[in-house]
Structures are given as C-alpha cells and as structure tokens.
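Thanks, everyone. I'll keep this short and just walk through what's on the screen.

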Number of protein chains: 2
Amino acid sequence: MNHSMDNFTFSYQELYQFTNTILLNLGCSVNDASIASKVLLSADLRGIDSHGVARLSGYVRLWQANRINANPNIQKIHETPSTATIDGDAGLGLVVAPYAMQVAIDKAKQVGTGWVAVQNSNHFGIAGFHAMMALEHDMIGIAMTNASALVAPTFSIEKMLGTNPIAVAIPSKEEPPFVADFATTTAANGKLEILQRKNGDAPLGWVQDKDGHATSDANALKKEGALLPLGSDREHGSHKGYALGSIVDIFSAVLSGASYGPWAPPFPAYIAMPENMPGKGLGHFFGAMRIDAFRPADDFKRNMDQWITRFRNAKPMHENQKVLIPGDPEREMETHRLQNGIPLVASVVADLEQVGKQFGVPLK
Amino acid sequence: MNHSMDNFTFSYQELYQFTNTILLNLGCSVNDASIASKVLLSADLRGIDSHGVARLSGYVRLWQANRINANPNIQKIHETPSTATIDGDAGLGLVVAPYAMQVAIDKAKQVGTGWVAVQNSNHFGIAGFHAMMALEHDMIGIAMTNASALVAPTFSIEKMLGTNPIAVAIPSKEEPPFVADFATTTAANGKLEILQRKNGDAPLGWVQDKDGHATSDANALKKEGALLPLGSDREHGSHKGYALGSIVDIFSAVLSGASYGPWAPPFPAYIAMPENMPGKGLGHFFGAMRIDAFRPADDFKRNMDQWITRFRNAKPMHENQKVLIPGDPEREMETHRLQNGIPLVASVVADLEQVGKQFGVPLK
C-alpha cells in the first residue's frame, strides 16, 4: 500500500487476497470466494469504483443481517433447450451470476442461444464481467440486473426503478471486443457518490428534488429526490430511459419470479426489506448467442474489426479528441491499474480496515 | 376524406385500400400487399406518422430505382434450433420483417426462444408492430433495425448510425401489454421533420451543427449537422445512447451480413448507394421468448398486471399528470384514430395523390 494525501494505492493481488480471505471467513467455499473476489475486483480494475471492493463491507453487513447465504444451493427450477430459470438461494450475486451466465453459454453451445433468468439473488457486481464471459466462446454476451429503487419514471416523483444496468459484449478478431456496460440512468449512482464526497454540484439532468424539479444538489436523493432515467427529461427522451430501465426490471425480476420495481430488496442492510414483496430477492437476466448460429464466426469477427476501426476513425469534434468504442476506457483503465495499482479513497480504506478487524484479517 | 385548413382526415379503410392497391400495382402478391399495408398503416394508427403512409411514395421510388424487389424469394440461409439468418432478397422490409418475426416465434415454440437476423432488407415500418406479433403467443417480442446514418457518435461530427429503434412487447393479463418502441436518439427524426415543416426551433440536445455545437436549428441535418444519441451530450449520457444504437447496428447488420454503420443503404432513392458496402442491404434483428420457458405464463402475467398498475399509480409530479406505461400513448391514439380517422398533412396528401396518378389509382 502506498499513500499520498487521501489516496491509498493497493495492488490487485493485495485486494484480491484480502477480499478472498474475508469471503472465506463468511463461510464461502474456496471456489465461491475465488470467483466472487474476481468479479468484485474486476470493477476496481475497470475503473467502476462504486461496484468494487468499496462494496465489500456492504456484502458483509448483508451476510450479518442474514440476507446473504454464504453456502447457497443454486438450482435450475425450470428449463427448456434455450432457457433456464435459476434460484440463487440468496447467495452472493457475485457467485450466482457467473453460474447463471455459464448455464446460458452451455445452452448456446447446444441450440445456438441461451437465456437465463435468475431469482433470489442480490447485487452481482458489474454487469460487464458476466457479459464478457461469452467472448472466449465466440458468443455475444448479455447481462442485466434490477436493483433497489432510486430512479423516478418520467412524470413521477416516486422512486420506482433501480439504476438497472445493461451489458453487451461482442467479440471481434484483431481489435479488442466491443463491451458496453451502462446504467439506464443519465448518470450512475457511483458518480453522484463521488460528488457527494467532494461536496460538488451535479450537472442539471442527473437528479430531481422531492417535487420533481431539476436540481444540482448531489445530495438530493437523501432529501426524497430521485435519479433520472437516461434522457433526463421528457423533452430529451427520459421516457426512453424509463422504458429501458423497465425492460431490465421485467426481464430480470418479473420473468424470473424475483422482486421487482419498488419492491426490489435494498443493498444497504440497515434499510428494512420492503413489505409484501411479490417475488424472491433480486433478479438478473443473462443471454449468450453463438456467433456461428447466425453466420461463420470468422466472417463476423472480421466485419466487427472493420466496424470498430471505422467508428474509431469517425471524424472527431476536436482534433485532439478521438471517438471511443464502448469498452475502450475500461480496458485502458484495467491495463493501467494492473500495472500501477488500484487507488482507494480514505473512507473506503477505513471501511475495509474495519471489516478486516472483525475477522482478524489485516488489510496489509 | 374531410379537410380543414391544412389537415386532411382519412379513414383507416380508405388509406389501407389505397396503399394495398398501389402495392399490388408494384407487383406484390396479394398476401404481401396486405401484410405490408397493415404494417405501414399501423404506424399511422399508433401516431408515428413519419413511419406510415407518408413513406409510401418513398417505397415506390425505391422500387422504381430497382432497390426493392416486389416479388422477393425470402430465404433462411442459416439456422440452429433457436436461431435463423434470413436473406430478404431486397423485398419490402414491411414484408420481410413479419416473415422473420414469425420464424422467431416458431423457433420459440420449439425450444423456448427464437432469434432471427435479417440481411438484404430495407425499411420495415415501425419496430413495435413486429415485436407485438409475439404477444398473442404469450411471448415477449423484440424487434430492431439499422437505418441510414443520421446520428453522430459521442465526440464525433460524422454521421455513423441510423436512428436504430428498439421495440420490446411484453404480455400482461387484464392490463394492456407493455410496448416500448423507441429510436436510440434523443428525438426521432420524424419529430424533427415536423419542426422543419413548421419552421420551428428544436430543443437544444436533439441535433448538433457541422462543428458539433449544440444548435436549435431544426434543419441542421441538411447543413452537415447530425442527430444526437439518446443522452444528447457526454455529461448526460450520450455515450450510452451511442452504445445502444451501436448494439442495434451490430445485432441487425453485422450479425446478419447486412450493410452496417455509415454503409447502411439510404431510404431516399435519390441518394446514391454507399460505395464498398460490406454487406447486403439493411439488417434487422428479431427475438421471441416464450414466457412459459421461464415460469408459468399466468403467474408472469398476473405479476405484469401488478407491475403496470403499480407504475401507473406512481406518485405523479403534478396532480393532473399521470405516469405512463410504455405503449399507453400509442394505444390511445390507435383507438382514437380508428374511430375518428387518420389526419394527414397537405404535403403528404399531395404526395399520395401524385403516387396515385402514376398508377391510375385515385386517393379518394
């Protein structure tokens, strides 16, 4: 660990080791602790800090509140040749999700595509990790999840949807793959949390106040405000972001038999579970499509290289700017952080040290 | 036909009859002319005027330019149990798309889900029509298409993507179905065309000028400007809209072997076809997922009723406002227009009369 003013830098191995040991202490199996640590830290590597090791203490508190089962009996409860529904048995989403994605991949091997809905799970880390599992099989991978309600639909002041991310990973040949992974809101909640820590203003269009008015108050959510769907307001297409978030909610939670909309279970363990939950736990949805179920994989991947190259070379707005391909910033961040370490803010370090103390595991 | 100042109103039957007769005159079979007329006019009924009968003359001009084949030999060129790739043989997208969606539905009957990529097609009307074909089978329907390039990726001033719509139709029990159908841009091009006719200003965030600056000039596209992806600018998530539009382009055109990105064939027949097209024609992508491939359809549909009711009753911003479910405005419009007729603007009426004259078919 190196530290400057308020920045502490850890190597990937240090954080992996710590996370893995904590999860083993919760009672996770060796395999489960390993895959969960890998999923969690992939967020830190890819620069999505809000979904990485910063959440470890949250998972621990859920476990302490008996909302997470460290030894889940993950089961297929329904299936057809191209589909399955899985009960995560309240396991770590970090474990349930890769299991479910693997089922989707196996189905795709058999009949061309595989589609898996998951109930009774919880927070699964970054969607992109799971979608990317398909790439090495020359498949397109899709992952989405519902989440606790922070987002108000267009024309509403009530929080009804989570930030409900969608990830789509598409293989290419020589070029790096296309990997889109985004919340269906204008801004991810993690970006808002960064502004909250800095006491910064949020751009108008990210959040609304309790009456539905535009506000730059990054703390609006704590004052009965809400995050806004992608598009920000009706005139700029927020009904599309609302529809997208709804589709993720329905595919992940209604199709699987999980708890949807405002009934999605909250991540913070101190928030009571909603009453009259219509389903079990959080829900996810995964898809895998074999490229050669549509056309020869090599032809497709050569075309993807051309697609990527053409878009990368699209005329930029400014000479010193370049047009990015979805996945570019995260991949560059991963290369950088594997080499230079993962910076954590002081509050996260303190939080992790606290978790370590509970189990007698030193952070360093 | 009734007309006031600049508004001419036709019954559905009048416009259906006219469209059908024109398509028969192009040489379409009785079945093809009928389904194509139904698809085209579903846009007028649902209030998406830019995609309805207003486009009939455009299809006729494509046919005259030998870019549309009135008697296509639509063929499966590749398949697995859950997938197919279809060559539309340059047929009307209005005919090719329902054919392909039916293949997806048939596959879903067999193995739970069906996924169909289409090459060598052209404009398919509204995506929602095709997605909704799944509903009566207790399936979720998905439809998307690429389109000629009007949209600049984030940080770019070059038009690289079409408005690339996505439609998702989800069945319910007593409530009307959830039907999302939206362009992956901040505003549909049709809305801009309405402003152009009125010489109105576009809200900032819909289009950019040739240098990539925000502009309210509704005619910016004709001056080397571009439509903006959903999100409008980087700060408000335009990279997400760009990713969505890209996913539609890749699923529809790269996966099928159609022509993608800036090489997508243009709808206006007077625009030359792009050089070095990497694939055949325009591409579409369809999906059908049997609900009972995941859980009993009746359980799901009861939950959807609860989902819809709960969201409809989400606390509104203003007392006199209500929160809408995707599909509500279009369904209400359809009811209204079936009863009260379909209003067409004078320029569209003149255009249709011109088409009628070419074939000796009176509009009235």
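Before I get to a small sheet, one bit of vocabulary: when I say two strands pair, I mean that DSSP finds at least two bridges between them. And keep in mind throughout that this is a predicted model.

So, the sheet. In chain A there's an open sheet of 3 strands, in the order E10-E9-E11, and the pairing is antiparallel. Which strands stand at the edges? Those are E10, residues 214-215, and E11, residues 226-227; each has a single partner strand, so one side of each is left without a neighbour in the sheet. If you zoom in on E9 of chain A, residues 207-208, you'll find 2 bridges joining it to E10(A), with the two running antiparallel. To get your bearings there, look for A:Val207, which stands opposite A:Thr215 in E10(A).

Okay, zooming out to the domains. Chain A is split into domain 1, which is made of 2-186, 228-295 and 331-359, and domain 2, which is 187-227. How far apart are their centres? Taken over C-alpha atoms, 23 Å separate the centre of domain 1 of chain A from that of domain 2 of chain A. Where they touch, 15 residues of domain 1 of chain A are in contact with 15 residues of domain 2 of chain A. The domain 1 side of that contact has 7 nonpolar, 6 polar and 2 charged residues.

Next, a helix pair in chain A. Helix H2, residues 30-46, and helix H4, residues 93-111, have axes that come within 8 Å and cross at roughly 95 degrees. That makes H2(A) roughly perpendicular to H4(A). From H2(A) you've got A:Asp32, A:Ile35, A:Ala36, A:Val39 and A:Leu40, and they meet A:Leu94, A:Val95 and A:Pro98 in H4(A). By class, that H2(A)–H4(A) contact comes out as 7 nonpolar, no polar and 1 charged.

Last stop, the two chains together. The contact takes 65 residues from chain A and 65 residues from chain B. On the chain B side, the elements that each supply at least two residues include strands E3 (75-80) and E5 (113-121), along with helices H7 (238-254) and H8 (297-312). Which of them gives the largest share? That's H8(B), with 7 residues. Sorted by class, the side of chain B that touches chain A has 37 nonpolar, 22 polar and 6 charged residues.

That's my tour; happy to go back to any view.

Conventions. Residues numbered from 1 in each chain as written. Chains lettered and ligands numbered in written order. Predicted model: local features only at pLDDT ≥ 70, side-chain atom pairs only at ≥ 80, totals over all residues. Domains from an automatic or database assignment. Contact = placed C-beta atoms within 7 Å. Nonpolar A, V, L, I, M, F, W, Y, C, P; charged D, E, K, R; others polar. Helix = DSSP H or I, 4+ residues; strand = E, 2+ residues; numbered from the N terminus. Axes fitted to C-alpha atoms, helices over the stretch in contact; angles between N-to-C directions. Parallel < 35°, antiparallel > 145°, perpendicular 65-115°, else oblique.
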